[in-house]
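Colleague: Could you walk me through this model and tell me what the terms rest on?

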Amino acid sequence: MQETAVRIHPRTAAVPTAPQATERWSVEAIEALFDLPFPELMFRAQSVHRENFDPTNVQLSTLLSIKTGGCPEDCSYCPQAARYDTGVEASKLMGADAVLDAARAAQAAGATRFCMGAAWRSPKDRDVEKVAELIAAVKNLGLETCATLGMLDEGHAEQLRDAGLDYYNHNIDTAPDKYTDIIGTRQFEDRIDTLNKVRTAGVKVCSGGIVGLGETRTQRAGLIAALANLDPYPESVPINNLVQVEGTPLHGAAKLDPLEFVRTIAVARITMPLSRVRLSAGRQELGEAIQAMCFMAGANSIFYGDKLLTTGNPAFTADRSLLDKLGMTTS
């Protein structure tokens, strides 16, 4: 994927703003971006954003949990892990009629992409067959389709592609050197393996991470580096602000400063100039002013709807009100 050159602000030209074709982003270079004075970082991010996107446009995606709870993984942030007592009850895969009703409602509310999430470690062949049928049905409505089903085995990405899947979401969660602090039932490399399968199948990649897990700024830089150094980097990059759920190991952790979240959005924009950078989980806790700053920093996609899998999200009406206040258009 070819990247557009970035105008360099002369006062801090020694800090890189985008990799050349033969370069890769180092953690140190990304940390240097994080360390910029806030106005300078925002200027750089907004400059990159304007060179590649309409800065007044936000893409709307809706996420539906089609199979909730009962996951065997031990992700420290996740209320769907069966080993944690979070009040989330395991459910079976939703039927086609219920999924289509939700997809039509999302489309009527303005969403253009519909993402289906299932709490599996890795779906079985029969699971992929059923989800493929759902993907085909949603695609027929004229929506872009996305799925997040866990780690994929050989042939699964191709099967989903043939059903009409546009994007596959598989977040890398956190920096490689932080990973084992958060998850013990899989390895960081397992995530990369699935992303490679998705790319090989010709499906677009949606991959991001979570901040507020107790990571350092250097580790936040490591998360962005791991994403930006994928070849090519993801077309869609969801950045989640940890939603603390009682019963999970990370409940009660120190919360991330909201301005640090804005910095993370800005750095993601600079290092992945052609990606849709999405405000995802935790947006409800940020408030309107911080969300507006995130749009200024280069976020240009949101998850749109009352719920994200099992956690709350701003209501349709609240989002529309905010976007109208900001004079933003949607797609």
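What follows is a short chat about the overall fold, one helix and the cores.

Modeller: First, the small print: this is a predicted model, where local features need pLDDT of at least 70, side-chain atom pairs count only at pLDDT 80 or more, and totals for chains, interfaces and linings use all residues. Residues are numbered from 1 along each chain as its sequence is written, and side-chain values use heavy atoms, with hydrogens and water left out.

Colleague: What makes the protein as compact as a globular protein of its length?

Modeller: The globule rule (2.2 Å times the number of residues to the power 0.38, with the radius of gyration taken over C-alpha atoms) gives 20 Å for 331 residues; the radius of gyration here is 19 Å, close to that, so the label fits.

Colleague: How do you know that the span of helix H8 agrees with its length?

Modeller: Helices are DSSP runs of H or I, at least four residues, and strands are runs of E, at least two, numbered from the N terminus. The expected span is 1.5 Å times one less than the number of residues. For the twelve residues of H8 (217–228) that comes to 16 Å, and the end C-alpha atoms are 16 Å apart, so the two agree.

Colleague: Why is H8 called mostly covered?

Modeller: Buried means under 20% relative accessible area (1.4 Å probe, protein chains only), exposed over 50%, partly exposed in between. Ten of the twelve residues in H8 are buried, among them Leu223 and Ile224.

Colleague: And what makes a nonpolar core?

Modeller: Buried Ala, Val, Leu, Ile, Met, Phe, Trp, Tyr and Cys residues joined through side-chain atoms within 4.5 Å. The largest has 90 residues, with Tyr77 and Phe114 among those with the most contacts inside it.
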